[in-house]
Amino acid sequence: LIYTVGVPSDRVERVSAPASKERIEEALDRAAGLVGPEGTLWVYFAGHGAASPSSGARVLLGADTLADAASFEARSIAIPDLKGRLQGAGARTVLMVDACYSGASRGGSDLLPGKRFAVPSYAVPDDAGWIEWHAAQPDQLSGPLEVAQHGAFTWAMVGALRGWHRS
């Protein structure tokens with residue numbers, strides 16, 4: 001964001017490890033407090049996503065989420081909740097998520113052994129005032145681009161922001 005979009009470096013925050021639910025939410029709250037109504041709030045998440053075992057909502061998993069259903073519910077951040085935290089800023093929001101919501105790891109194994117909580121594609125609403133870039137549709141896996149040592153989505157997204165194009 002600093003080099004491709006021109007966001008001042010003092011306005012960029014990286015959530016330090018471990019990126020727990022609380023640390024992520026605190027960073028979101030700080031960011032929402034800094035951007036004005038005419039500004040743009042950029043949120044980038046790279047990690048695991050899944051569907052909530054109870055509601056089916058898309059969720060982002062903090063680094064402290066354990067491989068059991070109760071932890072999935074308690075330690076994840078639902079995309080609708082994330083949006084609710086940020087809407088008070090009144091700014092345009094760009095959400096970039098390098099995760100899938102299939103409940104599978106990059107290697108394809110279940111994040112919760114024996115269970116997959118996939119978000120049905122019809123459950124993803126369009127919201128005005130938001131731009132969302134996701135690595136995968138709700139029922140797809142996202143994966144790494146080994147040669148770039150990044151998620152394939154992150155690599156392509158950074159290229160798009162830098163103005164890569166096909167001649």
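## Overall layout

Reading from the N terminus, the elements of the chain go α-β-β-β-α-β-α-β-β-β-β-α. That makes 4 helices and 8 strands. Keep in mind as you look around that this is a predicted model.

The chain has 167 residues, and 36% of them count as buried. Take the contacts between residues at least 6 apart in sequence: 60% of those join residues at least 24 apart. On the outside, the chain exposes about 9600 Å², with carbon and sulfur atoms supplying 52% of that area.

## What sits inside

The largest nonpolar core is made of 17 residues, and Leu82, Leu86 and Leu95 are the ones with the most contacts inside it. Four elements each put in at least two residues: helix H1 (21-34), strand E1 (40-46), helix H3 (79-87) and strand E5 (92-98). Apart from this one there is another core, of 5 residues, including Val59, Leu61, Phe72 and Ala78.

Leu86 is a handy residue to click on. Leaving out residues up to four places away in sequence, Leu86 touches Leu28, Ala32, Leu41, Val43, Thr93 and Trp130.

## Salt bridges that reach across the chain

Side chains of opposite charge can pair when their charged atoms come close. Searching the whole structure turns up 5 salt bridges.

One of them brings together the side chains of Arg30 and Glu13, at 2.2 Å from N to O. Arg30 belongs to helix H1 and Glu13 to the segment before H1, so this pair links distant parts of the chain, 17 residues apart. Neither partner counts as buried, because the cut-off for that is under 20% relative accessible area: Arg30 is partly exposed at 41%, and Glu13 is partly exposed at 42%.

Another pairs the side chains of Arg85 and Glu25, with 3.7 Å from N to O. Here the link runs between helices, with Arg85 in H3 and Glu25 in H1, 60 residues apart. How accessible are the two partners, Arg85 and Glu25? Arg85 has a relative accessibility of 32% and counts as partly exposed, whereas Glu25 is buried, with a relative accessible area of 17%.

## A small charged network

Asp64 and Arg75 form a salt bridge too, and their closest N and O atoms are 2.4 Å apart. Asp64 lies in the loop between strand E3 (58-61) and helix H2 (69-75), while Arg75 is in helix H2, so the pair ties together parts that are 11 residues apart in sequence. With a relative accessibility of 26%, Asp64 counts as partly exposed.

This pair has company. Through salt bridges that share partners, Glu22, Asp64 and Arg75 are joined into one network.

## A nonpolar patch on the surface

Which residues make the nonpolar surface patch of about 470 Å²? They are Leu1, Ile2, Tyr3, Val5 and Val12.

Take Val12 as an example from that group. Val12 is found in the segment before H1. The relative accessible area of Val12 is 37%, which makes this residue partly exposed. Patch residues need over 30% relative accessible area, so Val12, at 37%, clears that cut-off. The segment before H1 also holds Glu13, the salt-bridge partner of Arg30.

Methods:
Residues are numbered from 1 along each chain as its sequence is written. This is a predicted model: local features need pLDDT of at least 70, side-chain atom pairs count only at pLDDT 80 or more; totals for chains, interfaces and linings use all residues. Side-chain values use heavy atoms; hydrogens and water are left out. A nonpolar core is a set of buried Ala, Val, Leu, Ile, Met, Phe, Trp, Tyr and Cys residues joined through side-chain atoms within 4.5 Å. Buried means under 20% relative accessible area, exposed over 50%, partly exposed in between (1.4 Å probe, protein chains only). Contact means heavy atoms within 4.5 Å. Accessible areas come from the Shrake-Rupley method with a 1.4 Å probe; for residues, only the protein chains shown count as cover. A salt bridge is a side-chain nitrogen of Lys or Arg within 4 Å of a carboxyl oxygen of Asp or Glu. Patches are made of residues with over 30% relative accessible area and no salt bridge: like charges are joined within 9 Å, nonpolar side chains (Val, Leu, Ile, Met, Phe, Trp, Tyr) within 5 Å.
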